[in-house]
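Student: I would like to work through this model with you, one feature after another, and to see the reasoning behind each answer.

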Amino acid sequence: MTANVSRRTALALAPAMLAASSVRAAEPPKDPPVFRIGALLGLTDKGNWNATVMQRGIMMAVDEINAAGGIAGIKVEAAIEDHQGVPRVGVDALQRLRARYDIQAVLLSYSTVGLAAAPICEENKIFMLDGGSVTDGLVGKFSYLFHNRSVASVMARAAMTVAKKNGYKKMAQMASSTDDGQSLLRAAEADWKAYGGTIVGTETGLPTASNIDTQMAKLRTAGGDFLAIWEFSPGPGLVLKRAREFGMTQQAIGIEFTAEILKVAGAHAEGYVFATDYFNPEAADPWPQRFAADYRKKYGDNPEVYAANYYEGIYIIAEAIKRARAGGGNYFTGERLKQALDASPVVPSVYGGNMTFQPDGTGLKRVGIFKVVDGKAVFQNFAEVSR
Amino acid sequence: MDLVLHVGVMICLYAILATSFNLLIGFSGLFAFGHATFYALGAYTTAILTQRLHLPFPIPLLASMLLTGGVGLAIALPSLRISGIYLIITTLALQVIAIDIIINWTSLTGGPSGLSGIPPLSIGGYVLSGPAHFLPVAFAAAVICFLVARHIGNAPFGRALRAMRENESAAASVGKNIFYMKVSVFGLAAALASVAGSLFAHYLSYVGADSFQVSETVLILSMVVVGGTGNLIGSVVGAAFLVLLPEVLAFVDLPQGFEGQLRLLIYGCVLILFLVFRPEGLLREPRRGGRRVAAGATPIALSTKTAFVGPLLTGTGLQKRFGGIVAIAALDISLSAGRITGLVGPNGAGKTTAFNLLTGFLRTDAGEIRYKGKVLSELKPHELVRAGIARSFQDLRLFTGMSVLENVLVALPRQSGDRLSALFLRPGSVRREDEANTAKAMGILEFIGLGERAMDLADDLSYAEEKLLVVARLIATEAEVLLFDEPLSGLDGAAMQKIIDLLRRLAADGKAVCIIEHNLDAIRNACDHLVYLDEGRALAQGDPNTLMADPELVQRYFR
């Protein structure tokens, strides 16, 4: 609550800050030799697939910006550290980034690592951007933390629009026993109950579990008009595969679809419907198109939400740097980057158009409903979800 | 600077964890792989009490220690029945269960989300937030925990733990209460680990199950092994080494895209190379021989002339079956003061089983054991030693990783330093008593002829010296009934005669001595009385020369 107030206060004071910026403009910008942006990724965690694509997205953005001459002629560098999915290791890594580079901006991933690292960033006024976790646990608690991925409360409700539209009444659900998975579960249950639906079965499993047969057998027995999957890559792949192999034919609805999920689920992914931040590699918007084409060329894969968010994250920070620099003085600080976004919370998005940061730090993005057809995600419609 | 301070904090916390874990595996030989559970309990207890009940320091810390210590006592129970690989598996399973409970008890623990926003440590209104403020507290806690562990490790209790590590049954045979030692050391190690957990919760302001997985126990174990098991300074060094290693590797530039994996690979390779070339760890287990006392400083007083009239130890109608096999059918035996009784018979006659029954290592199916007229059938081995009945083993079971002096010292009875309460409440008295005991142990070694070898490892003794040490250890128990299982086997004439002379001296001083022996010449030479055992029965008893002239017994013996 305190953080919300402080962010709202900051927004209210935005004109004054802009004025202050103009005063500062009299002072020439103190340019650093390089803009170094930190990132904490689970490079050696068990489910490190998403860290790999996050890293790809980050490096692509850095390369692009530098190829275009950097920011005001200054190169951008990414300093990526491994948190292994362990909060304590994440804190170690963050302290290294601070000691080695006096890092002013950092990209976070994994909610539990974020929960451990964010207080340190907050205390030391380091700008944070999280494009990976969807937990509500991080929302509104840290004034230096911004999110460019829709959070659980949005994603779950977006997914539930499909169930409501199809007239389903009974939900069976399988959730990851992680912070993110449980956040989605809580948000979905609240929304579904408010709608008047019933929950016939709830099962949870470790994100790295290779055997979920007990859970699937219980969900099959429970029935349900649809199967909600509150898991992250590659979890939904295994759920889809085993559900179909167990003879469950009802509609499966989730919040993520990646190449990894497709690899695990194979043909069983067909017909799977999911809600996600609307990233469409085939979109007409030139930026998503260019990003998707370059990504495919470089890595041979279609980019998905993680690659896109961390690619976008570098651009968001670059945009904040540009705006802060315009204010002159010692501008490359977490404080000034935050102020820059608080003062003007609208930034270009690789998802097309602009993204607007809300007072609680979450980026307002369009959430799309997609359906897997012939192994590809086919856009269906935008989910109407109020914030 | 914050990185250096942060690394310092982490070294302190892991030093606490490693030293406490070393008490379990290095000192006690209890390979319990659930140390991260204690760490987690300390962290969660502090988090909950601080965040929800707003209890001030040091209440959450003390509560964490009490609760975790209590859980440690409970986890000790499986170790009373199992050991080795089975204890590893059981405690690993307990850790997995603990993590499952943490993840699923959402209302208390926050479930997978954990608990965030834990207030920083506040002492006397001074808030210790950030590494710079926290390091002195972490350092002080690490020093206190280290001193506690060292105090225990160097005390009679620590010596008893190491004896238990070397051989549990031998430790019981010299009067050590295995149940008390296991339960105490588990509780203590758990309570110390919870200190690290409690500080961790305040320092990170977040606790989640991800921080306390099995991999964390493996990390702490690695610290103990790298530092050197049984060496508490080694645990601190091991903690520092394994906290610093990844930090150093992080400063090595590696190809982008694989740096995380490569660093982990290098880390693993360094550990493997380390264990291959330095398996004993950075620091070896220190020699804790005790302070050498000048030869002859304390003359030994063996005399135990008892006022009790009649046999000191009697077994009447003893029976023992192992399934369908009758090991002891109906044994009557009596051991008198001042007499050496020989227990002879062919292999499988039930001689060692008879010893096991008389010393509480096996329970009788029927029959009665009396010591000085009192029924003692229900007593445990260590209780029987304290009552006055001690035994040796055919395979010696010396505490080979301990010094000769310690082998004797650990066997001395009524050591107040065997109890944790006395160690902390009356440390001065314990120290003085231990000094007196050391002198007494030296006296026994001088008497036995091993005075010059007092500070050597028992493992370095010759076979004859090992046999002598067995006698010394039994003498140290001050028991009145001494049962020797094949004390003369494998010895040459001179060594054999030396031990026979010792046994005679013990009997002359009022001990009831009983030996199992196969060397008939030695029996004739040593024993005053013979019990011929076969098929679990005493077939004959009497004068050795008479019995050994009986052709039927000879035929049975050599058949």
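**Questions on a predicted model**

Tutor: Let us begin with E446(B), which lies in helix α17 (residues 427-448) of chain B; please keep in mind throughout that this is a predicted model.

Student: Is E446(B) buried, partly exposed or exposed?

Tutor: Buried means under 20% relative accessible area and exposed means over 50%, with partly exposed in between. The relative accessible area of E446(B) is 29%, so this residue is partly exposed.

Student: How far apart are the C-alpha atoms of E446(B) and L192(B)?

Tutor: Along the chain, E446(B) and L192(B) are 254 residues apart. In space, the separation of their C-alpha atoms is 40 Å.

Student: What share of the residues of chain B count as buried?

Tutor: Chain B has 22 helices and 14 strands, and its C-alpha atoms fill a box of roughly 85 × 50 × 50 Å along the principal axes. Its accessible surface comes to about 21900 Å², and carbon and sulfur atoms hold 62% of that area. Of the 559 residues of chain B, the share that counts as buried is 57%.

Student: Which residues form a nonpolar patch on the surface, with about 460 Å² of accessible area together?

Tutor: One member to start from is V276(B), found in helix α12 (residues 259-277) of chain B. With a relative accessible area of 54%, V276(B) is exposed. The nonpolar patch is formed by I272(B), L273(B), V276(B) and F277(B).

Student: Turning to chain A, how are helices α12(A) and α13(A) oriented to one another?

Tutor: Helix α12 (residues 305-326) of chain A packs on helix α13 (residues 334-343) of chain A with the axes 8 Å apart and at an angle of about 95°. Because angles of 65 to 115 degrees count as roughly perpendicular, α12(A) and α13(A) are roughly perpendicular.

Student: Which residues of the two helices make that contact?

Tutor: On the side of α12(A) they are I316(A), A320(A), I321(A), R323(A) and A324(A). On the side of α13(A) they are R336(A), L337(A), A340(A) and L341(A).

Student: Which residue forms a salt bridge with D2(B)?

Tutor: A search of the whole structure finds 40 salt bridges over all chains. In the one formed by D2(B), the closest N and O atoms are 2.8 Å apart, and the partner is R98(A). This pair crosses between chains, from helix α1 (residues 2-27) of chain B to helix α4 of chain A. D2(B) is partly exposed, at 22% relative accessible area, whereas at 17% the residue that counts as buried is its partner, R98(A).

Student: How many residues apart are K365(A) and E312(A), whose side chains meet in a salt bridge?

Tutor: The N to O distance in this salt bridge is 2.9 Å. K365(A) counts as buried at 8% relative accessibility, and E312(A) is buried at 0%. The pair links distant parts of the chain, with K365(A) in the loop between β13 (363-364) and β14 (367-373) of chain A and E312(A) in helix α12 of chain A, and the separation is 53 residues.

Student: Which elements of chain A help to cover the buried residues of α9(A)?

Tutor: The buried residues of helix α9 (residues 235-245) of chain A are G235(A), P236(A), G237(A), L238(A), V239(A), L240(A) and A243(A). Their cover includes β6 (170-176), α8 (213-222), β8 (226-230), β9 (251-254) and α10 (259-265) of chain A.

Student: Where is the cis peptide bond that involves P234(A)?

Tutor: Most peptide bonds are trans, so a cis bond deserves a note. P234(A) lies in the loop between β8 and α9 of chain A. With omega near 5°, the cis bond runs from S233(A) to P234(A).

Student: What is the phi of D374(A), and is the residue buried or exposed?

Tutor: Most residues other than glycine have a negative phi. D374(A), in the loop between β14 and β15 (376-382) of chain A, is not a glycine and yet has a positive phi of about 55°. At a relative accessible area of 69%, D374(A) is exposed.

Terms used:
Residues are numbered from 1 along each chain as its sequence is written. Chains are lettered from A and ligands numbered from 1 in the order in which they are written. This is a predicted model: local features need pLDDT of at least 70, side-chain atom pairs count only at pLDDT 80 or more; totals for chains, interfaces and linings use all residues. Side-chain values use heavy atoms; hydrogens and water are left out. Patches are made of residues with over 30% relative accessible area and no salt bridge: like charges are joined within 9 Å, nonpolar side chains (Val, Leu, Ile, Met, Phe, Trp, Tyr) within 5 Å. Accessible areas come from the Shrake-Rupley method with a 1.4 Å probe; for residues, only the protein chains shown count as cover. A salt bridge is a side-chain nitrogen of Lys or Arg within 4 Å of a carboxyl oxygen of Asp or Glu. Helices (H or I, at least four residues) and strands (E, at least two) are DSSP runs, numbered from the N terminus. Buried means under 20% relative accessible area, exposed over 50%, partly exposed in between (1.4 Å probe, protein chains only). Axes are lines fitted to C-alpha atoms, for helices over the stretch in contact, and angles run from 0 to 180 degrees between N-to-C directions. Angles under 35 degrees count as roughly parallel, over 145 as roughly antiparallel, 65 to 115 as roughly perpendicular and the rest as oblique. Contact means heavy atoms within 4.5 Å.
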